[in-house]
Amino acid sequence: MLRNLLALRQIAQRTISTTSRRHFENKVPEKQKLFQEDNGIPVHLKGGASDALLYRLTMGLTVGGTAYAIYMLVMAAFPKKQN
């Protein structure tokens, strides 16, 4: 039993330590410069066009959801009369 656990431990260590590691370029300093610039743009829009698109989509969904919620509240508060 102990022998099996030791063998499993060795296999796990070998698998983790010998996996090929991808080397990525460190882009953190570039992003820090971008986001710390004082150019009047809000931080949630400094990422470019994709950030602006996501922001507009989020605002559109928020406004639409709020309007729908108010509409449903009005419909619940003033139900149609049955004749």
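Helices are DSSP runs of H or I at least four residues long, numbered from the N terminus. In this predicted model, the protein chain holds 3 helices and 0 strands. The elements run α-α-α from the N terminus on. Between α2 (28-36) and α3 (49-77) lies a loop, and Lys46 is found in it.

Lys46 is buried yet forms no salt bridge. The nearest side chain of opposite charge belongs to Glu37, 6.2 Å away. A salt bridge requires a side-chain nitrogen of Lys or Arg within 4 Å of a carboxyl oxygen of Asp or Glu. The backbone of Glu37 does supply a partner: its oxygen lies 2.4 Å from a polar atom of the Lys46 side chain. Residues up to four places away in sequence aside, Lys46 touches Leu34, Phe35, Gln36, Glu37, Asn39, Ile41 and Asp51.

Burial was then considered for the chain as a whole. Of the 83 residues in the protein chain, 1% are buried. The chain exposes about 8,300 Å². Carbon and sulfur atoms supply 62% of that area.

A nonpolar patch occurs on the surface. Met1, Leu2, Leu5, Leu6 and Leu8 make this patch, which covers about 590 Å². One of these residues, Leu5, is found in helix α1 (residues 2-17). Leu5 has a relative accessible area of 49% and is therefore partly exposed. The cut-off for exposed is over 50%, and buried means under 20%. Patch residues need over 30% relative accessible area, and Leu5 has 49%.

Technical notes:
Residues numbered from 1 in each chain as written. Predicted model: local features only at pLDDT ≥ 70, side-chain atom pairs only at ≥ 80, totals over all residues. Heavy atoms only, no water. Patch = residues over 30% accessible without salt bridge, like charges linked within 9 Å, V, L, I, M, F, W, Y side chains within 5 Å. Areas by Shrake-Rupley, 256 points an atom, 1.4 Å probe, with all protein chains shown as cover. Helix = DSSP H or I, 4+ residues; strand = E, 2+ residues; numbered from the N terminus. Buried < 20%, exposed > 50% of the residue type's maximum accessible area, 1.4 Å probe, protein only. Lys, Arg positive; Asp, Glu negative; His and termini not counted. Polar contact = N/O pair within 3.5 Å; in protein donor to acceptor, adjacent residues only side chain to side chain. Contact = heavy atoms within 4.5 Å.
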